[in-house]
Amino acid sequence: MERDEMPCDALFVGAGPANLAGAIHLMNLIEAHNAAIAAGDKTGDPIDEPMVVVLEKGSAVGQHQLSGAVLDPRALDELIPDWRERDDVPVERFVQREELAFLTPDSAVTAPWIPPELDNHGKPIISLGRFCAWLGEIAEEKGVNVFAGFTGHDLLWDGDTCVGVRTGDKGIGKDGEPKDQFEPGMDLQCPVTILGEGPRGHLTRRLIQRRNLDADSEPMIYYIGVKEVLELPEGSVEDGWVVHTLGYPLDERTFGGTFAYSMEGDKACIGLLVGLNAADPQMDAHHLLQLLKMHPYIREKLGDGKVVKYGAKAVTIGGWGSVPQLYADGAMIVGDSASIFNPLRIKGIHLSMKSGMLAAEAAFEAMVRGDASADVLRQYQEAVDSSWIREDMQPGQNMHANFKKHTISGLVQTAVQYAFGPGPLKRFDQDHTYMEQSAAHTPAPWARQEIPYDGTYLIDKLTDVYNSGTQHEEQQPAHLKIIDTEICATTCLEEFGNPCTKFCPAQVYNMRENEASGRLEMEVDFANCVHCKTCDIRDPYQIITWMPPEAGDGPEYDLM
Ligand code: SF4
């Protein structure tokens with residue numbers, strides 16, 4: 001098949017905060033380099049008309065971004081020092097009042113003080129979708145080519161050197177055959193590719209596996225985060241309040257927490273994070289979020305609200321121990337894709353941005369030298385190791401392992417480590433290995449409680465899928481591949497009760513009766529998918545693989 005080829009100088013895959021910060025920083029470095037040569041302050045050749053590309057699978061930059069989020073502005077201060085003076089910066093509010101509470105099923109105990117690691121006073125509350133859209137505009141103003149609506153389908157190789165990315169074909173029918181409007185993907189040939197696909201990036205996994213980049217690191221492990229935006233009565237949203245909770249509706253063996261923030265105008269958001277290593281085979285983050293909203297402490301704050309937006313996304317929480325080797329010949333990994341996230345502070349955007357900027361410095365060096373081999377790109381790893389990324393992340397390196405047995409002992413261990421240092425790295429296994437079989441698991445008393453859905457505040461899963469704005473061209477092959485659906489109908493049904501029908505926050509997986517055989521069989525409603533990657537991570541048999549669907553498909557998050 002004939003494919004268009006496009007050479008470029010630097011290729012960023014994924015328009016998240018890491019890659020957008022990286023692309024902007026790279027253009028700044030090139031501009032300063034050219035100016036220094038023009039002024040006679042530096043020898044060498046200018047880099048004329050650099051072809052710097054950012055690929056984004058969403059229909060527009062920001063549409064697939066979802067986060068809390070209270071931003072630590074440290075990296076933003078470095079990248080755009082005058083951001084506070086700009087009138088286009090998309091800050092929802094600045095944090096003015098914070099609460100931290102421990103919830104039991106019917107009461108709340110609020111902490112008398114906020115630990116320094118969670119203190120957000122004065123920091124900006126953002127919608128990550130809007131924030132990335134803003135960074136994308138700045139990148140384009142600087143000359144970056146932002147190609148939204150293009151998936152990175154595969155890496156291009158020359159031996160073991162990554163030499164670019166093939167974008168996804170468009171117009172393939174359900175049967176795998178090209179339709180009339182078929183457009184083959186193009187080959188973006190590039191000496192240096194920076195992968196910032198977010199958590200569980202499929203190209204990142206291929207690079208890591210092919211170049212064995214995780215030989216010396218712990219497995220990457222994850223939360224699933226689910227989030228809703230609510231509209232409240234006019235004038236009722238307190239300016240700059242932030243709430244974090246622990247405890248209910250998670251049981252004492254399940255790692256996670258919740259958040260609620262005020263947003264611009266009359267909006268507020270609420271979200272719940274739960275470890276994908278949860279023992280409960282019927283763990284359902286969307287159900288847990290509705291239970292949380294029924295709690296009197298939350299209902300008092302948000303109970304008059306109407307849900308207007310919903311989304312879900314995996315979050316990398318392994319921390320420093322899970323960071324793999326960050327470079328290979330021709331490629332680097334940044335942000336969530338590299339597990340760059342601080343689970344202790346529940347923050348990663350600033351770290352992602354900084355990692356993108358440090359990768360940009362290595363990419364710039366490669367452009368100047370005309371050499372993007374691992375020997376040159378190694379400087380990125382060295383820069384991360386000696387930067388404030390390490391200082392920020394290392395104290396929380398055992399956070400996840402501390403909570404393996406019980407919430408209270410996890411809190412105590414984490415407090416001790418915070419005071420005296422993290423100690424040696426504790427080991428952990430992949431998330432799916434911790435799921436208990438149905439017969440061996442005793443759920444929390446409230447875990448299977450029915451929700452009295454009301455269509456405004458308490459929302460069933462399919463209505464929330466509508467609120468996510470997700471859509472997919474139905475006439476395409478399913479982008480979720482189950483290797484063997486016979487396992488779903490037999491072993492998985494018996495052992496775990498088909499956990500994917502619960503852990504998927506978009507009700508993609510459904511066991512339905514086959515009229516001919518009378519038995520329950522798996523049906524995959526892939527058009528509901530919100531691209532959270534939970535199935536790829538948590539499936540106990542590891543037989544589900546998430547692949548990008550046709551470019552531009554998926555959620556429309558904008559506010560999230
Ligand atoms: Fe998430 Fe998988 Fe469900 Fe899609 S199918 S929403 S990736 S769990």
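Me: What makes up the shell around the ligand, by class?
Reply: Happy to start there. In this predicted model, the shell around the ligand has eleven nonpolar residues, one polar and one charged. Cys counts as nonpolar and Lys as charged. Among the 13 residues around the ligand, those that come nearest are C504, C529, C532, K533 and C535.

Me: Why are α1 and α3 called roughly parallel?
Reply: Helix α1 covers residues 17–38 and helix α3 covers residues 128–141, and they pack at an angle of about 20°. Angles under 35 degrees count as roughly parallel, so α1 and α3 are roughly parallel to each other. Their axes are 9 Å apart, and their crossing is left-handed.

Me: Which residues make that contact between α1 and α3?
Reply: From α1 come P17, L20 and I24, and from α3 come L128, C132, L135, G136, I138 and A139. By class, they divide into eight nonpolar, one polar and no charged. Gly counts as polar, and G136 of α3 is part of this contact.

Me: What makes α1 oblique to α7?
Reply: Here the angle is about 40° between α1 and helix α7, which spans residues 349–369. Roughly parallel needs an angle under 35 degrees, and roughly perpendicular runs from 65 to 115. The value of about 40° fits neither, and that makes α1 oblique to α7. The axes of α1 and α7 are 7 Å apart, and α1 passes α7 in a right-handed crossing. On the α1 side the contact includes P17, H25 and H33, while the α7 side includes I349, E361 and V368. This contact of α1 with α7 has 13 nonpolar, six polar and one charged residues.

Me: How do you know that α7 is roughly antiparallel to α8?
Reply: Look at the angle again: α7 and helix α8 (residues 374–385) cross at roughly 155°. Angles over 145 degrees count as roughly antiparallel, and that makes α7 roughly antiparallel to α8. Their axes come within 8 Å, and the crossing is right-handed. Residues of α7 that meet α8 include E361, E365 and R369, and those of α8 include V376, Y380 and V384. The contact of α7 with α8 divides into nine nonpolar, two polar and three charged residues.

Me: How do you know that domain 1 and domain 3 are in contact?
Reply: Contact means heavy atoms within 4.5 Å, and six residues of domain 1 are in contact with eight residues of domain 3. The C-alpha centres of these two domains lie 30 Å apart. In the domain assignment, domain 3 is 399–432 and domain 1 is 15–70 + 133–167 + 184–218 + 320–394.

Key
Residues are numbered from 1 along each chain as its sequence is written. This is a predicted model: local features need pLDDT of at least 70, side-chain atom pairs count only at pLDDT 80 or more; totals for chains, interfaces and linings use all residues. Side-chain values use heavy atoms; hydrogens and water are left out. A residue is near a molecule or strand if one of its heavy atoms lies within 4 Å of it. Axes are lines fitted to C-alpha atoms, for helices over the stretch in contact, and angles run from 0 to 180 degrees between N-to-C directions. Helices (H or I, at least four residues) and strands (E, at least two) are DSSP runs, numbered from the N terminus. A crossing is left-handed if the near helix is turned anticlockwise from the far one by less than a right angle, and right-handed if clockwise. Domain bounds come from an automatic or database domain assignment.
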